[in-house]
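Reader: I am new to this structure. Please take me through one part of it closely, and show how that part fits with what surrounds it.

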Amino acid sequence: MSEAAQLDPEDRKIITLARSVRARNSVPEGAAVRDETGRTYVAGTVALDSLKLSALQTAVAMAVASGATSLEAAAVVTDAESASEEDRAAVRDLGGAGTPVLLAGPDGALRATLDA
């Protein structure tokens with residue numbers, strides 16, 4: 001059975017949310033994180049003259065700003081081959097080193113599951 005077929009429905013949900021925000025906002029990346037209570041936070045890439053954040057960094061920041069104290073999982077939909085060290089560090093800061101980061105392509109297909 002493929003890794004994608006074994007995905008938990010809640011993990012599939014955050015990939016779908018990340019894919020949706022990417023398409024809706026026409027940004028290079030979409031991301032979603034799930035906190036310790038099951039709440040989700042969805043974000044796209046922020047590219048202002050004065051502020052540059054990846055979608056995953058923005059989603060983590062939204063979770064922190066909303067009072068989350070931990071993360072269960074994170075997902076990023078991107079053309080990139082991997083999640084950057086900075087993105088994984090943001091997830092690790094809130095969720096810990098073992099927090100899964102689901103990396104999916106623009107079609108929503110899971111490419112890899114990385115540790116934060």
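Author: One definition comes first. A residue is buried under 20% relative accessible area, exposed over 50%, and partly exposed in between. The model is a predicted one.

Take P100 as the starting point. P100 sits in strand 6. Its relative accessibility is 24%, so P100 counts as partly exposed. P100 touches E72, A73, A74, T113 and L114, leaving aside residues up to four places away in sequence. Q6 lies 94 residues from P100 along the chain, and the C-alpha atoms of the two are separated by 14 Å.

Now follow strand 6 to its partner. Strand 5 and strand 6 pair in the parallel sense, over 4 bridges. In strand 6, A104 stands opposite V77. Strand 5, helix 3 and strand 6 form a β-α-β unit, and that unit is right-handed.

Strand 5 deserves a closer look. Of its 7 residues, 6 are buried, so strand 5 is largely enclosed by the rest of the structure. Strand 5 also pairs with strand 1, in the antiparallel sense, over 6 bridges. There V77 of strand 5 stands opposite G30.

Step back to the sheet. This open sheet has 5 strands in the order 2-1-5-6-7, and the pairing is mixed. Strand 2 and strand 7 (110-115) are the edge strands, each pairing on one side only. From one strand to the next, the twist averages 15°. Strand 1 and strand 2 pair in the antiparallel sense over 5 bridges. T40 in strand 2 is the bridge partner of R34.

Helices pack on this sheet. Helix 1 (residues 9-25) touches strand 1, strand 2, strand 5, strand 6 and strand 7, and its direction makes about 145° with that of strand 1. Helix 2 touches strand 1, strand 2, strand 5 and strand 6, and its direction makes about 140° with that of strand 2.

What remains is the nonpolar interior. In soluble globular proteins, nonpolar side chains tend to be buried together. Here the largest nonpolar core has 21 residues, and V33, L56, V60, A63, L71, V91 and V101 are those with the most contacts inside it. Strand 5 (71-77) and strand 6 (100-104) are among the elements that each supply at least two residues of this core. Helix 2 gives the largest share, 5 residues. L56 touches A31, V33, A74, A75, D87, V91 and V101, again leaving aside residues up to four places away in sequence. Another core lies apart, with 11 residues, including I14, I15, A75 and L102.

How values were computed
Residues numbered from 1 in each chain as written. Predicted model: local features only at pLDDT ≥ 70, side-chain atom pairs only at ≥ 80, totals over all residues. Heavy atoms only, no water. Core = buried A, V, L, I, M, F, W, Y, C linked by side-chain atoms within 4.5 Å. Buried < 20%, exposed > 50% of the residue type's maximum accessible area, 1.4 Å probe, protein only. Contact = heavy atoms within 4.5 Å. Pairing = 2+ DSSP bridges. Right-handed = clockwise from strand over helix to strand, strands pointing away. Axes fitted to C-alpha atoms, helices over the stretch in contact; angles between N-to-C directions.
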